[in-house]
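Here are some notes for a colleague who is opening this structure for the first time. Please keep the sequence and the 3D view at hand while going through the points.

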Amino acid sequence: MGEFKVHRVRFFNYVPSGIRCVAYNNQSNRLAVSRTDGTVEIYNLSANYFQEKFFPGHESRATEALCWAEGQRLFSAGLNGEIMEYDLQALNIKYAMDAFGGPIWSMAASPSGSQLLVGCEDGSVKLFQITPDKIQFERNFDRQKSRILSLSWHPSGTHIAAGSIDYISVFDVKSGSAVHKMIVDRQYMGVSKRKCIVWGVAFLSDGTIISVDSAGKVQFWDSATGTLVKSHLIANADVQSIAVADQEDSFVVGTAEGTVFHFQLVPVTSNSSEKQWVRTKPFQHHTHDVRTVAHSPTALISGGTDTHLVFRPLMEKVEVKNYDAALRKITFPHRCLISCSKKRQLLLFQFAHHLELWRLGSTVATGKNGDTLPLSKNADHLLHLKTKGPENIICSCISPCGSWIAYSTVSRFFLYRLNYEHDNISLKRVSKMPAFLRSALQILFSEDSTKLFVASNQGALHIVQLSGGSFKHLHAFQPQSGTVEAMCLLAVSPDGNWLAASGTSAGVHVYNVKQLKLHCTVPAYNFPVTAMAIAPNTNNLVIAHSDQQVREIPVLSIPFLLDSNLEAGILGSCGELFFEGVGGYKVFEYSIPDKQYTDWSRTVQKQGFHHLWLQRDTPITHISFHPKRPMHILLHDAYMFCIIDKSLPLPNDKTLLYNPFPPTNESDVIRRRTAHAFKISKIYKPLLFMDLLDERTLVAVERPLDDIIAQLPPPIKKKKFGT
């Protein structure tokens, strides 16, 4: 596969925000996740747990509650006292409404999905009616003495349970009055605590209310009589969250110690019809507080301060041993946070409220394969560009020539011109940006840095001409059929003639940049696009999907490739890059003019996937090509870097999955006999970005998990036996 000098970068000091709450939608099999910086992410569990959408955070919008209502409508509420609804097509906030109760701590949708409850700081519980376009205030329930920290509807929709400080209230929905108030025991290990916070409640069909509190207890209450039925002391710290399965035969709770407990309803004896709740399984997949949990039909879902989103499969519920049977942790976003200027060997790192520009280091040392070389010149931190205002950065990009930087927030688009004089750098902002460039979801420069492509949240694609320190708007491709579909990924051909855009509906549109018109729409596929790019010379479009399939589509002379999610780094390491072979990788090559697959694509379809390749649970986030080897496709996810050589035979299920590079004393005949198209390196991980700087140089950006954990607040110290 050749020799590469590798810049191994570990100075991207990125720390994901902690997870505050999750909400599972059983109808669409999607999970909404909110983080402490206000970011909201949507994961498609049917598409290999891919993060298909996200809404950027805001400093004043600390989300405390998420819920789905009316099927596919998503709402959030937080400490700013506002209720917000999200537009899942345009990927923006539809509206924000003040509940006039102070900070909002909890929210729950009615079983029918037509009503919304919020619990406020002033002790009020407010009921809203969900209308087709908005929500409308209906009435207040009886005000309580302290803040409402948790809410749950009875499945019939007639009563609700509200957790507060030291007590649980039961309300009649029709009258809005409290019918019961249950005082929570403050006793913990024989000592009376000052306050007992009811962090979560769950109202079951039989009238049982399950509560979790700051005394480390899980308690069962009879809502008809307002009495305590049973209590479980499960932790030496707060039990902070609870979620119940739809069948009400199991529930999951999360603690401040990082432990997740699973409770199940089991028969008292083997032949008995009487059942009781039993704690069956504890799981320790977190290092810090588990702030939120969810219960899907096949998995327990948890998230918290340590930033990990964990899916723990329920093996008794999984019928087929596929994606759903694997434990997975999602830590990093499935989108680009790094861009690269190959000409100047610069890396642009995106954080929530600032950008960092670095110049890669260099070395004059030489060595044999696998050696780590000392840097003769260290990496330079050239620029720290801080945003103004409370909004998070949505996307950013540096031009290939290194002379332009563009980034966008929800309400403003910024473009800067960079000038280099020896070791000094100056920055000049391009003022008076047009109103239609107010916000962008994706930004991409052409290969020659003369054009800027901007995907707005209104579905339009704008082409901007760059010259000197000025710009000129050339054209806007409007969304088809009057629909507003946000474009999440862009790819431009190296010659600048073709632009590919992928939207939220997993469709890909190809535009002719010279003629300024839509050229074609790639045949639809059931799974969302995770990355795409257009190859040089051949102009083939290569598209990666969340189910690990890749399609290569020639359009006239256009190659399409996985989207360039550039992430750069600089620790000098030189030598031959060793790869491990992997099994069949299904790639579709489809000729749009001929309306048929190519011979190579037919070979791929006939042979099929290697089963171990299909078991990968992280999406491909970047694709690129070797400038001197047109048969090579380079791609990576968070845990592997792969080169596909289309000139070699495809592996099958009988092929050795990990095929180390053959020893040098083997004959060329044996080397050719053991070679196949897929070569994988798992040296670099977690791998946020890898790409070619030139034909002999790679850059790899890693973010070790230990470095992230080291920057988090210390976890609760637990007593261990023998210490």
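1. Is Arg30 buried, partly exposed or exposed? The model is a predicted one, and in it Arg30 has a relative accessibility of 22%, so it counts as partly exposed, because buried would require under 20%. Its salt-bridge partner is Glu52, with N and O 2.5 Å apart. Glu52 is on the other side of that cut-off: its relative accessible area is 12%, and it is buried.

2. The positions of these two residues in the chain deserve a look. Arg30 belongs to strand S3 (residues 30-35) and Glu52 to strand S5 (residues 50-55). They are 22 residues apart, and the pair links distant parts of the chain. The structure holds 15 salt bridges, and a few others are taken up next.

3. Arg73 and Glu85 form a salt bridge in which the closest N and O atoms are 2.7 Å apart. Arg73 lies in strand S7 (residues 73-78) and Glu85 in strand S8 (residues 82-87), so this bridge ties together parts that are 12 residues apart in sequence. Glu85 is buried, at 0% relative accessibility. Arg73 counts as buried too, at 13%.

4. For Arg703 and Asp707, the closest N and O atoms of the salt bridge are 3.9 Å apart. The pair still counts as a salt bridge because the cut-off is 4 Å. Arg703 is buried, with 2% relative accessibility, whereas Asp707 is partly exposed at 33%. Elsewhere, Arg8, Arg10 and Glu702 are joined into one network by salt bridges that share partners.

5. Where does Ser408 sit? Ser408 is part of strand S37 (residues 404-408), and its relative accessible area is 0%, so it is buried. Its side chain reaches two backbone atoms: the oxygen of Arg412 at 3.3 Å and the nitrogen of Ala440 at 2.8 Å. Setting aside residues up to four places away in sequence, Ser408 touches, among others, Asn392, Ile394, Cys395, Phe413, Arg438 and Ile443.

6. Strand S37 is part of an open sheet of four strands, in the order S36-S37-S38-S39, with antiparallel pairing. The edges are strand S36 (395-398) and strand S39 (424-429), each of which pairs on one side only. With direction ignored, neighbouring strands of this sheet are turned by 20° against each other on average. Strands of a sheet pair through backbone hydrogen bonds, either parallel or antiparallel. S36 and S37 run antiparallel and are joined by four bridges. Ser408 in S37 is the bridge partner of Cys395, and Cys395 is also one of the residues that Ser408 touches.

7. Thr39 can be read in a similar way. Its place is the loop between S3 and strand S4 (40-44), and at 6% relative accessibility Thr39 is buried. The Thr39 side chain makes a polar contact with the side chain of Asp37 at 3.0 Å, and also reaches the backbone nitrogen of Gly57 at 3.3 Å. Apart from neighbours within four places in sequence, the contacts of Thr39 include Val33, Phe54, Pro56 and Asn392. Asn392 also appears among the residues that Ser408 touches.

8. Which peptide bond is cis, with omega near -15°? That bond runs from Lys685 to Pro686. Pro686 is in the loop between strand S58 (678-681) and strand S59 (687-694).

9. Two residues other than glycine have a positive phi: Gln345, near 55°, and Ser449, about 65°. Gln345 is in the loop between strand S32 (338-341) and strand S33 (346-350). Ser449 is also in a loop, between strand S40 (440-445) and strand S41 (451-456). Gln345 is partly exposed, with a relative accessible area of 24%, while Ser449 is buried at 7%.

Technical notes
Residues numbered from 1 in each chain as written. Predicted model: local features only at pLDDT ≥ 70, side-chain atom pairs only at ≥ 80, totals over all residues. Heavy atoms only, no water. Salt bridge = Lys/Arg side-chain N within 4 Å of Asp/Glu carboxyl O. Helix = DSSP H or I, 4+ residues; strand = E, 2+ residues; numbered from the N terminus. Buried < 20%, exposed > 50% of the residue type's maximum accessible area, 1.4 Å probe, protein only. Polar contact = N/O pair within 3.5 Å; in protein donor to acceptor, adjacent residues only side chain to side chain. Contact = heavy atoms within 4.5 Å. Pairing = 2+ DSSP bridges. Axes fitted to C-alpha atoms, helices over the stretch in contact; angles between N-to-C directions.
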